[in-house]
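Work through the exercises below with the sequence and the model side by side, and try each task before reading its solution.

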Amino acid sequence: MAIKITVNGQERRIAADPDTPLLWVLRDELRLTGAKFGCGAGQCGACTVHLNGAPVRSCVVPVSGAVGADVRTIEGLADTPLARVQDAWLAAQVPQCGYCQPGMIMAVAGILAESPAATPAEVRARLTNICRCGTYDRIAQAIDTLFPATTG
């Protein structure tokens, strides 16, 4: 079955079962490999992408749930004002293995898109992604640098 979705601003036609997880369509059909398979249950966040600006776990979202929506992956984040999150990650040298970091960046960017007036503490509290390497201190530092005029 042909399914039409918009990914990173481009309309794409996909031949997939409507129940196929969005993650597998992104990775296997579109070759966008930034979102990673972690747990397959929507818990770890390695597969986080944006669906209409909101962070979602693409391993539990069927591709049919993306029809008519705007899907943004880490590969398309650089084209948005939220690319500053990627810059903060690099400046704080967050990645170790890097496996979970695209999902982590997409989660933080989504939180900021949904709540532009959030404080660093609120962003950290809402971040539920898991880092396999335990770089949480550097993640917190990166988040703090996104708010140069505040602390907390």
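Two exercises on helices follow, each with a worked solution. The model is predicted, so local features need pLDDT of at least 70 and side-chain atom pairs count only at pLDDT 80 or more, while totals for chains, interfaces and linings use all residues. Residues are numbered from 1 along each chain as its sequence is written, and side-chain values use heavy atoms, with hydrogens and water left out.

**Exercise 1.** Find which residues of helix α6 are buried, and what covers them.

Solution. Begin with α6, residues 136-145, where helices are DSSP runs of H or I with at least four residues, numbered from the N terminus. Its buried residues (under 20% relative accessible area, 1.4 Å probe, protein chains only) are I139, A142 and I143. Seen down the axis of α6, these residues fall within an arc of 100°, taken from the directions from the helix axis to the C-beta atoms, so they line one face of the helix. Finally, look at the cover, which includes α3 (83-91), α4 (101-114) and α5 (120-126).

**Exercise 2.** Describe how α3 and α4 pack, and which residues meet.

Solution. Start with the axes, which are lines fitted to C-alpha atoms over the stretch in contact, with angles from 0 to 180 degrees between N-to-C directions. The axes of α3 and α4 are 9 Å apart, at an angle of about 130°. That makes α3 oblique to α4, because angles under 35 degrees count as roughly parallel, over 145 as roughly antiparallel, 65 to 115 as roughly perpendicular and the rest as oblique. Next, list the contacts (heavy atoms within 4.5 Å): R84, V85, Q86 and W89 in α3 meet Q101, M104, I105, V108, A109 and L112 in α4.

Terms used. Buried < 20%, exposed > 50% of the residue type's maximum accessible area, 1.4 Å probe, protein only. Helix = DSSP H or I, 4+ residues; strand = E, 2+ residues; numbered from the N terminus.
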